Amino acid sequence: MAEKSKGELLQEQLMMDPKNMGELLDDETLQAVQNFCEGYKKFLDRAKTEREAVDVTLEMLEQYGYVPFVAGKQYRPGDKVYTVNRGKAMIMATMGRRPVAEGVRIGASHIDCPRLDLKPRPLFEEAQLAYFKTHYYGGIKKYQWTAIPLALHGVIVKKDGSSVKVTIGEDPSEPVFCVTDLLPHLAKDQMKLPMTEGIKGEQFNILIGCHPFRDDKASERVKLNIMNLLFEKYGVVESDFLSAELSAVPAYPARDLGLDRSMIGSYGHDDRVCAYANLMAELEAQNPEYTTVTVFADKEETGSSGATGLQSWFLRDFLEDLAQAEGCQVRHLLARSKCLSCDVNAAFDPAFSDVSERRNTAYLNYGPVLTKYTGSGGKSGTNDADAEMVGFIRRILDDAGVVWQTGELGKVDAGGGGTVAKYVAAHNVDTIDLGVPVLSMHAPYEVVSKCDVYMTYKAMEAFYR
Ligand code: MN
Ligand code: MN
């Protein structure tokens, strides 16, 4: 082999040279990637709402010996605890060898996803068709949500305080629902509208039936027939919708995508993909140096407000309990803690290349994206991790052999967005975003690379170790 030139040697020494994991990883690791993603797909299919994500996670925690956290109790290194916030958000922790006064390692992801929520008075009939009225949740491109099969998930709290869980449309034997769209033949005017107006929010009416109740006296007999079916199945009456949380979500399962099975197509990668990677690292943490704190937050897609979103103090309150049990102040714990805000970022899409800046965008298969800052315009609303924090994470990832990349959410002034990072950082915690690059983010069918999913898990494992 010819000797390397001085330029080639200098290049190796001085320049960055990112590699596609499809080339980089050995066969054994690629097999581990496939195995890991089988578990992830099962998680996706069972966790289509934040409540279901909590339920599935609780089952997994049991297998790993987690017990409910008790404030004031003394824990030993290696002890595993959890606490659930209103069935929609949760915190898991593995006690570290060092006192919490020296800081903890926080991994925060969100388990809510964009979807169509039923309105408080959803049921109506028109032209002998029965519908549920909805109010969309999170940032969606409305035209993507018509003419696809939808399933209903959620909970109905009855007047007597009892509640029923609802899941209809996931099992192939069950019916599904949909929002109808206009046929192209008659869509001459619709097709001229801007895409934001082609389908309007008040057109998100989910078709749920067309058979009238067999009685010639009552009015709105299709609606009545639906209500009768719901009463027979769940024992609910129309006013029970007032105290319900029912959501329509895409009714299909997660599938391998691509002839090479290198990707996964599914609803809800944002952010269950990071939640799952984070969860697996948390479950497998054994006697970590620093206490690991894994947070599953709700309401991220609507701005992290509410008691179960990360603008609430449920994380801080948990950390305060940890601090008090060891006789330290929570503010000292927070000041020495580090947080990875585990959320997805946009992957470069050749079909829409003009929204990205090629040198500072994330690519599929190049590993989790470390995002120093988010926000929009002149970094408005960003956490912007400091250079020291980036340096700290860089060292951890490189030392563990994690393949990772950096990326901004689009080019300057193309738009923008944020994560829970700034809400954790507001408690005086060093925080930075790290997560899986996604294609078609917030669409009913999002795409991720399996290698990226696995490497995000390896990144969290290294951070927690
Ligand atoms: Mn997200
Ligand atoms: Mn999102």
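Here are some questions and answers on the metal sites and pockets of this predicted model.

Residues count from 1 along each chain as its sequence is written, chains are lettered from A and ligands numbered from 1 in the order written. In this predicted model local features need pLDDT of at least 70, side-chain atom pairs count only at pLDDT 80 or more, totals for chains, interfaces and linings use all residues, and side-chain values use heavy atoms, with hydrogens and water left out.

Q: Which residues are the protein donors of the manganese ion (ligand 1)?
A: Donors here are N, O and S atoms within 2.8 Å of the metal (3.2 Å for Na, K and Ca), and water is not among the atoms, so sites may look incomplete. The protein donors lie 2.1 to 2.5 Å from the ion, and Asp343 is listed with OD twice. Their spacing in sequence reads H-x159-D-x72-D. The residues are His110, Asp270 and Asp343.

Q: Which parts does the pair Asp270 and Asp343 tie together?
A: Helices (H or I, at least four residues) and strands (E, at least two) are DSSP runs, numbered from the N terminus. Asp270 lies in helix H7 and Asp343 in a loop, so the pair ties together parts 73 residues apart in sequence. Those parts are H7 (residues 269-284) and the loop between strand S15 (338-342) and strand S16 (345-346).

Q: Which residue coordinates both manganese ions?
A: The manganese ion (ligand 2) gets its donors from Asp270, Glu301 and His442, at 2.0 to 2.6 Å. The two ions, ligand 1 and ligand 2, sit 3.3 Å apart, and the residue bridging them is Asp270.

Q: Are Asp270 and Glu301 buried or exposed?
A: Buried means under 20% relative accessible area, exposed over 50%, partly exposed in between (1.4 Å probe, protein chains only). By that cut-off, Asp270 and Glu301 are both buried.

Q: Which strand gives the largest share of the lining of the largest pocket?
A: A pocket is an open set of points on a 1 Å grid over the protein atoms alone, where a 1.4 Å probe fits, with protein on both sides within 12 Å along at least five of seven lines; lining residues have an atom within 4 Å of a point. The largest pocket has 41 lining residues, and His442 is among those nearest its centre. With 3 residues, the largest share comes from S21.

Q: Which residues lie nearest the centre of the second largest pocket?
A: This pocket has 19 lining residues, and helix H10 (387-399) and strand S19 (405-406) each supply at least two. Nearest its centre are Met16, Pro18, Trp404, Gln405 and Thr406.
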